[in-house]
Structures are given as C-alpha cells and as structure tokens.
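Trainee: I'm new to this structure and would like a close look at one part of it. Could you walk me through the sheets, and then show me how the rest fits around them?

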Amino acid sequence: MKRKIASILICAAMVATMIAGCGSKEEPAASAPAQSEEPAEAPAESEAEEPAEAPAEAPAGDGGLVTIGFAQVGHESDWRTASTKSCQDVFSEANGYDLQFVDCDNDSAEQLNAVRNFIEQDVDYIIIDPIVSTGWDTVLTECEDAGIPVIIIDRTIDDSDKYVSWVGSNFKTEGLAAGEWLKAYTEAKNISEVNVLVIEGSTGASATIGRTEGFKEIADREGWTILDSQSGDFTQEGGQKVMESYCKSYEGKFNVVVCQNDNEAFGAMDAMKAAGVSYGVNGDVILISFDACTAGLEFVMSGDITADFECNPLAAPFVEEVIKTLQSGGTPEKEVYMVEHWYVNEDILSSIEVNGETQELTVVTQEIIDAQY
Ligand code: GZL
C-alpha cells in the first residue's frame, strides 16, 4: 500500500512539475543565490496527463519516523564533511527521521549499489549526491517503479530527470565568476600576460565540468594560455601531487593557478612552497580556489589564496522543505539554487560582471570566517 501511495504522489509531483515547467522559465527558489542564476532549462514540452489525486498523507517509516536513504559522494574534502553534517543534523531522529547514510568513497559502482539497497529497504525517500553526472537513468527508473521519490543534492545528473528536485549550485557560473574576477584583477594590477595551470576536481563530476567550462570560456575570450589542466580529485593529496609535477614541468612559465576546491589549493600551496614558488597577494602566482570553506577563507584573509569562489554545502534544510512539500501533497520546485558569495583578500574591486549581471565581491573578515561552514 505504501508504495502505491508514494507512486501516486511521485506521478502527481512530476506531472505537476512538468506542467509548471513547460514553456516557462524556472525561477530560482526563494533562497535564490546572491549571484544571479541562469534560469533552469524548462523541461521538454510533453503531453501532461491529468494529475492523479495526491493522498493527504505521504508515507512515514515504522514508529512514525520518515526513513531516508542518503548516498553521499565520499569524504574527500572539507566541503564534503560540511555537506554530510548538514544532512545528519537536519535528518536526525529527534527531527523525526531515520537516516540511512552511505559514504560511497568516490566509487560510482558503490553508489549505484547503495541506491539499490535503499530500494530493497523500501525507504520513504532517497537523497543522492551523484559522484558522476551520467549512468543514472536505469537506477532512477527502478526508484520510480518502487514508488520512492528521489532528491538530488549538489552535483547534477545529466542523463535522467527521474527525480523530484535538485538542490545545489550553478558550477558554470562559479567558473565564469572566477574568470571574470581574474580579468578585472589582472587589469587592475596591470598584468598583461596570463598563463594558467588548472587543478581540476574529480573527473566526470558536474562540479568539475561546470567550473572548467565556465573558466575556459573567459580564458578563451581573453586570449589567456591554459598551460595544463589535470585532475587533483578534489583532495589535498591530489592537489599537491599535480602541483609538484607542474612546478617541474612549467617552472617559471605560469603566473596563475586555479584549484577547483580548497583542499586541492592546500596541497598546491605545500608543493609551491617546497619548490620555492611564491603565491597569493604578495607572490608571483595568483591562486584561485573554489568552495570557500572555513580553512580556505583563513588563507584568503592571510593573502595566500587570492580569491575563493564559494560553493554552499548546506543544502539539507532546503531538501527538508522539498520533503515537507511532498508530505503535504504539494509540488516542490524542480531546481533550488544555493546562496553563494565570491571572496577576496583585497578591496581593489567591489564587483564583477558575470553573464551581464553585477555580482558583489566580499573582502574576508574574521566575522565571516567565524560564521562559515
Ligand atoms: C561541489 C562539490 C565538490 C566540492 C568539493 O558542489 O561537489 O565536491 O567543490 C567536493 O570540495 O569534493
């Protein structure tokens, strides 16, 4: 019976979402980010069936707890730790949830296996932060057939829309912002030649794809040289290894390093220090990072990291809103964007233009660091 109720609920939610989305621009949610977001692509036009009557109550687990299966990417970074804590804090037993958490250790096969186990356990909801953006349609169809609503957080899935909502960031916008900031910064500093080394995130992750695409769009427009772009897998060890290799291969040839998360930047700093390469506000190399975790912002305030483009990991409260909307028979937003800021050390620039929108730059203070994730 529970599965049948949930199936009706999902169909109603998905059909109603398609009706809402077809031919109209999806507006970012009330928690729309400080940075403008390209409106989400409206779902493809399709024949929408009459929505089934949604039942008053969505299913709850045994003893009234709502059971949630959460397949998390892994434990590779400070960002990930904060993301996991956000979910564990919100989906606690005290709040009425039974959270079945699986750390998939950056292993895509393990993540698909975890989702199938959640189906076997017949959880009420499944949350996925997809390690990679493809290979999902089969297992999401199995979730749909089982009548279990799926919510995607953080990274995106590119080969299926069989989920109720996605809560995360626009990674391409983050990459564009980093490029537009570098353009404005190098102009302000009268730096005419820009030779960039990129340490990418995990291969196949939508965060890597988006940040790479966005930054490269500006680099190509400005005629910068990207000397190399290799994956550091979003880890400090990976960032150090790649930067050690770069310091040997490109000695004296680069003046910008872009790390696609803070932990890679921590490793890159260790490698540059060991190689005698100066970086940061008073160094020879401009160091750009993403995530803006607490430790990352401490390095921005010290001047070691020149700019840090935030990616907000605290999605769980917005995921709970989606679940509560489903519980009450409503139709949640298909896409919910997180609020994010662009952090810098110096106040020589107050804003940048990204996608034709003026976006503020924030000089890091101790107060900001104390409040960060
Ligand atoms: C981005 C997230 C990335 C972070 C990394 O939303 O998926 O994965 O930027 C994390 O720190 O490892």
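Mentor: Here is a walk through the sheets, followed by the ligand and the confidence of the model.

Keep in mind that this is a predicted model. Let's start with the open sheet made of six strands, which follow the order 2-1-3-4-5-11 with parallel pairing. Strand 2 (97–103) and strand 11 (335–337) sit at the edges, and each has a single partner strand, so one side of each has no neighbour in the sheet. Going across, neighbouring strands are turned against each other by 20° on average, direction ignored.

Now zoom in on the pair at one end. Strand 1 (residues 66–72) and strand 2 run parallel and are joined by seven bridges. If you want a spot to click on, take I68: its bridge partner in strand 2 is L99. Helix 3 (residues 108–121) packs on this sheet and touches strand 1, strand 2 and strand 3 (125–128). The direction of helix 3 makes about 170° with that of strand 1.

On to the other sheet. This one is open too, but it has eight strands in the order 7-6-8-9-10-12-14-13, and the pairing is mixed. Its edge strands are strand 7 (225–231) and strand 13 (351–354), each pairing on one side only. From one strand to the next, the twist averages 20°. At the strand 13 end, four bridges link that strand to strand 14 (residues 357–363), and the two run antiparallel. There you'll find V354 standing opposite E357 in strand 14. Helix 7 (residues 236–249) packs on this sheet, where it touches strand 6 (195–200), strand 7 and strand 8 (256–259). Its direction makes about 150° with that of strand 6.

Next, the ligand. It has 13 residues around it, and E76, D154, R155, R211 and D291 come nearest. An N or O atom in the side chain of E76 is 2.4 Å from a ligand oxygen atom. For D291, the distance from a side-chain N or O atom to an oxygen atom of the ligand is 2.5 Å, while a polar side-chain atom of R155 lies 2.7 Å from a ligand oxygen. On its own the ligand has 320 Å² of accessible area, and the protein covers 100% of that.

Last, how far to trust the picture. The chain has a mean pLDDT of 88, with 83% of its residues at 70 or more. Residues 1–36, though, have pLDDT below 50, and residues 38–59 stay under 50 as well. Where pLDDT is low, don't read the predicted coordinates in detail.

Notes: Residues numbered from 1 in each chain as written. Predicted model: local features only at pLDDT ≥ 70, side-chain atom pairs only at ≥ 80, totals over all residues. Heavy atoms only, no water. Pairing = 2+ DSSP bridges. Axes fitted to C-alpha atoms, helices over the stretch in contact; angles between N-to-C directions. Contact = heavy atoms within 4.5 Å. Near = heavy atom within 4 Å. Polar contact = N/O pair within 3.5 Å; in protein donor to acceptor, adjacent residues only side chain to side chain. Areas by Shrake-Rupley, 256 points an atom, 1.4 Å probe, with all protein chains shown as cover. pLDDT = per-residue confidence, 0-100.
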